[in-house]
Amino acid sequence: MKQKLVIIGNGMAPGRMLEHLFERAPETYDVTIFNAEPRVNYNRLMLSPVLSGEKSYQDIVTHDDDWYAANGVTLHKSARIETIDRTAKTVISATGISADYDKLVIATGSNPFIIPIPGHDLEGVLVYRDLDDVERMLAAADAGGRAVVIGGGLLGLEAAAGLKAQGMEVTVLHLMSTLMERQLDPAAGYLLEKAFEERGIDVVTQANSSEILGRDGQVSRVRLEDGTEIDAAIVVMAIGIRPSAKLAEDSGLEVGRGVVVGDDMRTSDPDIFALGECVEHRGQCYGLVAPLYEMASVLADQLIGGESLYRGSVTATKLKVTGIDLYSAGDFAEGEDREEIVLRDAAAGIYKRLVLRDNRIIGAVLYGETGDGPWFFDLLKKQLDIAEMRETLVFGQAYQGGPPLDPMAAVAALPDDAEICGCNGVCKSKIVKSITDLGLSALDEVRAHTKASASCGTCSGLVEQLLGLTLGDSYTPAAVQPLCACTDLGHDEVRRLIKAKALKSIPAVMQELEWKSSCGCAKCRPALNYYLVSDWPDEYADDYQSRFINERVHANIQKDGTYSVVPRMWGGMTSSRELRAIADVVDKFAIPAVKVTGGQRIDMLGIEKEDLPAVWADLGKAGFVSGHAYAKGVRTVKTCVGTDWCRFGTQDSTGLGIRIEKFVWGSWTPAKLKMAVSGCPRNCSEATCKDIGVICVDSGFEIHFAGAAGLDIKGTEVLGLIKTEDEVLEHIVALVQMYREQGHYLERIYKWAARIGVEEIRQQILEDTDRREAYFDRFVFSQKFAQVDPWSERVSGLDKHEFKPMATLSLEAAE
Amino acid sequence: MNAAFDGWVKVGKLGDVPRRGARCIKSGDVTIAIFRTADDRVFALEDRCPHKNGPLSQGIVHDGCVTCPLHNWVISLESGEAQGADSGRSATFKVKRTGDDILLDLRDVHRAGRR
């Protein structure tokens, strides 16, 4: 019969403990978990990227519901344990659920510390601890204004950077004279302060908050001891954490600052264990992940009768703010018996300091360049004598003996027991062995099997190098296809980061996302230009030099360097007046070819570039606008004659087509977008192979999308049956906007739909009314800036230089 | 013509050419594209891709290269050589900047015209 194991708390430490337990002895226990939070186990270290918008909640889930089911774990969500009855060996939750245990694990974690100054209970005073807090902050960021973060430690700074990325004004108040004084010496603290100020975050040190002022119960300002007042829409308290030990204390267990445990992770009751941030071990409490994971491993072993012991941890810290590299480990206070080695490069923003005692590293602070952090940390933990390499030590591992090594060689030179992943305590040999024994070939697989780089992710690069080293040429690193050779990021990541980091120009994207070329290439520049036009319609200034020539001159370049011009004919309808105007233009400019296109319009081919503005001027006088036949944008809406003429027509397909075209023309899309409306299922306008199509039926309108009739041939998918023309317009516009926001540049709608899933699109556009309306509104907003006839703009003189030679030389003059 | 004529002729001002763009100079049958890079260097190439004679002046200018608008060949502005797997070369011309003026060496152009 299995024993009953009950766990109170569902954070990262018990999650890891269970993984070890199930790996070593899956049949020993029936496991029941009580979680005060209403969700599964997620990676708390990654809350900062969620706050800054760089990741979503789904990205940081460690164990999903399936995992609990597969391992036979009963998980009670939103169930806080109120009582431990040690005599009856039972726990009871606030919601009235009880469970018996043979062994109990307390993993209640920690609580954020709130300074009890007046006003600390006002609405809008937040802490930064779990996903609920992040969601509250994101909601506040939507409303805008200033956030005041109290506390300039690791959490406070990550919160500040995240809120800034979400568009808030941010002030950090820190009681001490330099930031992160527990991990950093003053010099590094100063560099950090400067880096934050360069990002537009105000930092006030030696700031003693005395009161939080409110209006109608809502935070409005923070007052400092010296009388300064700072406006605040929200206040985030990130001063520190204290172990959450009240439950243990109420149950009569020995509690100091935290729940006291021995090296075997037992509390004062032999059937009750504790681990994680709620624990006090040898007088120490821990708030970083590496020691918690070490405890988890020991506890799992103890639970199955093993003899592992936990003897405390030395910890290292990394700040997870994109673009700021900071690493600190060990002890770096000054002292008589200590020496230090310091390297400064102010221009490059690099600062490194090693603290030595008896030729052994006892502390390390790295700022600006942290690649050697794990190596220094390794020397520190092993207390190796560094006398022989002392002179070059601070330059890092690559400089020890011989010329500098390339990064691959540096990884190759690491000893087998060198720690690669600090969070999870995974050493080099374990990763290499897993790669060879299990035949792993991708970063994700190494993560799944060894946990290396699965927590904070900063060692991903090292793990990839190990993959490369072990597999040689057979290793193909980027699972995500990079956008082009100028970056390692894929289209999705670039689009997400443009939004998350509010990047609003091509240089800003290239700078912030660390482009590898100075000015991009012909692949990435048009893509970035589109993403920026699409995401910031009112703020971004279109970069013409990053558009293909066709979009720059609003005509299609032909093989001989001449151009073709296609005016818009709404829904394919025209008139004698329009045809006469076209005939006149053809005669006047001696246009050599005139052709009817597949999109029901007229194409004039073979026009010299210099003539384009005059051609447009004449066409414009007759009422024509550009047909955008050259654009990655809305092209045509093809129609049949519908109820106006056709004896089979069920609806006014011509009118609807014209209405749609007049609404969406001028819009830029990831790739060209062609539509059609057919008046009956005989489908004369061929709507079922278009990007978006409508088939009119007696009972309404069937909306189709994701067809193809080019390189690929594919019938459309049906979005759904819609009753009225107004609703058809709303659905189609919302669909176009969803595609505009998510599509990769040059990705036709059918490829996008295959990637996202037709069902997902149907859900968002057809079923989720709020979402559909939001898409619709964003499209309408964007059209305010996009629906401008480029021809008339050009005729009126914009960029006229484009069409004329700069000079004509007479060769004879030189002779 | 002045005996001191050294062949250099002013063909326009730097501001006439957009950054990461090009303008053309017509000289008889030859069209010369004057390119200006993001960092304000200027280059002159015959406006003809070695592949299928595409007008290079209409391409996207990036780093030291231009991508032909017809079939995406990438041509070095400095040497006129096609980059990557493609091979071929567009004619280059001597061009220089004096202050704000762009000057082209006419003797060079003349030779091209007589080819």
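The following dialogue examines how several structural terms apply to this predicted model.

Visitor: Why is B:Ser76 called buried?

Guide: The relative accessibility of B:Ser76 is 11%, and buried means under 20%, so the residue counts as buried. B:Ser76 is placed in strand β7 of chain B. Apart from neighbours within four places in sequence, its contacts are B:Leu45, B:Gly64, B:Cys65, B:Glu81 and B:Gln83.

Visitor: What makes β5 and β7 of chain B edge strands?

Guide: In chain B, an open sheet of 3 strands has the order β5-β6-β7, with antiparallel pairing. Each of β5 (60-62) and β7 (74-76) has a single partner strand, so one side of each is left without a neighbour in the sheet. Neighbouring strands of this sheet are turned by 25° against each other on average, direction ignored.

Visitor: How do you know that β5(B) and β6 of chain B are paired?

Guide: Pairing requires at least two bridges between two strands, and 3 bridges join β5(B) to β6 (residues 65-67), the two running antiparallel. Within this pair, B:Val61 stands opposite B:Val66.

Visitor: How is chain B as a whole built?

Guide: Chain B has 1 helix and 10 strands, and its pattern along the sequence is β-β-β-β-β-β-β-β-β-β-α. Of its 115 residues, 57% are buried. Among contacts in chain B with a separation of 6 or more, 39% are between residues 24 or more positions apart.

Visitor: Which strands stand at the edges of the parallel sheet of chain A, and what makes them edges?

Guide: The open sheet of 5 strands in chain A has the order β11-β18-β12-β13-β14, with parallel pairing. Its edges are β11 (125-127) and β14, each with a single partner strand, so one side of each is left without a neighbour in the sheet. The twist averages 25° from one strand to the next. Helix α4 (residues 131-143) of chain A lies across β11 and β18 (234-237), running at about 140° to β11(A).

Visitor: How do you know that β13 and β14 of chain A pair?

Guide: The criterion is at least two bridges; 4 bridges join β13 (residues 169-173) to β14(A), and the strands run parallel. A:Val170 stands opposite A:Ile201, and A:Thr171 stands opposite A:Asp202. Together with helix α6 (residues 186-198), β13(A) and β14(A) make a right-handed β-α-β unit.

Visitor: What makes the side chains of β14 in chain A alternate?

Guide: Along β14 (residues 201-204), A:Ile201 and A:Val203 point to one face and are buried. A:Asp202 and A:Val204 point to the other face and are not buried.

Visitor: Why is the pairing of A:Asp269 with A:Arg86 called a salt bridge?

Guide: The closest N and O atoms of the two residues are 3.0 Å apart, and the cut-off is 4 Å, so the pair qualifies as a salt bridge. A:Asp269 lies in the loop between β20 (259-261) and β21 (272-274) and A:Arg86 in the loop between β6 (81-85) and β7 (90-93), so the pair ties together parts of chain A that are 183 residues apart in sequence. A:Asp269 is buried, at a relative accessible area of 10%, whereas A:Arg86, at 30%, counts as partly exposed.

Visitor: What makes B:Arg19 partly exposed and its partner B:Asp40 buried?

Guide: Buried means under 20% relative accessible area and exposed over 50%, with partly exposed in between. B:Arg19 has 44% relative accessibility and is therefore partly exposed; B:Asp40 has 18% and is therefore buried. Their side chains meet in a salt bridge (2.9 Å, N to O). The pair links the loop between β1 (8-13) and β2 (21-27) of chain B with the loop between β3 (30-36) and β4 (42-46), the residues being 21 apart.

Visitor: How do you know that B:Arg20 and A:Asp543 form a salt bridge?

Guide: Their N to O distance is 2.8 Å, and the limit is 4 Å, so the criterion is met. Across the interface of chain A and chain B there are 2 salt bridges, while the structure holds 58 over all chains. The contact takes 34 residues from chain A and 35 residues from chain B. The two chains bury about 2700 Å² between them, 60% of it on carbon and sulfur atoms.

Key
Residues are numbered from 1 along each chain as its sequence is written. Chains are lettered from A and ligands numbered from 1 in the order in which they are written. This is a predicted model: local features need pLDDT of at least 70, side-chain atom pairs count only at pLDDT 80 or more; totals for chains, interfaces and linings use all residues. Side-chain values use heavy atoms; hydrogens and water are left out. Axes are lines fitted to C-alpha atoms, for helices over the stretch in contact, and angles run from 0 to 180 degrees between N-to-C directions. Buried means under 20% relative accessible area, exposed over 50%, partly exposed in between (1.4 Å probe, protein chains only). A crossover is right-handed if, with the strands pointing away from the viewer, the path from the first strand over the helix to the second runs clockwise. Contact means heavy atoms within 4.5 Å. Buried area is the accessible area (1.4 Å probe) that two parts lose on being put together, summed over both.
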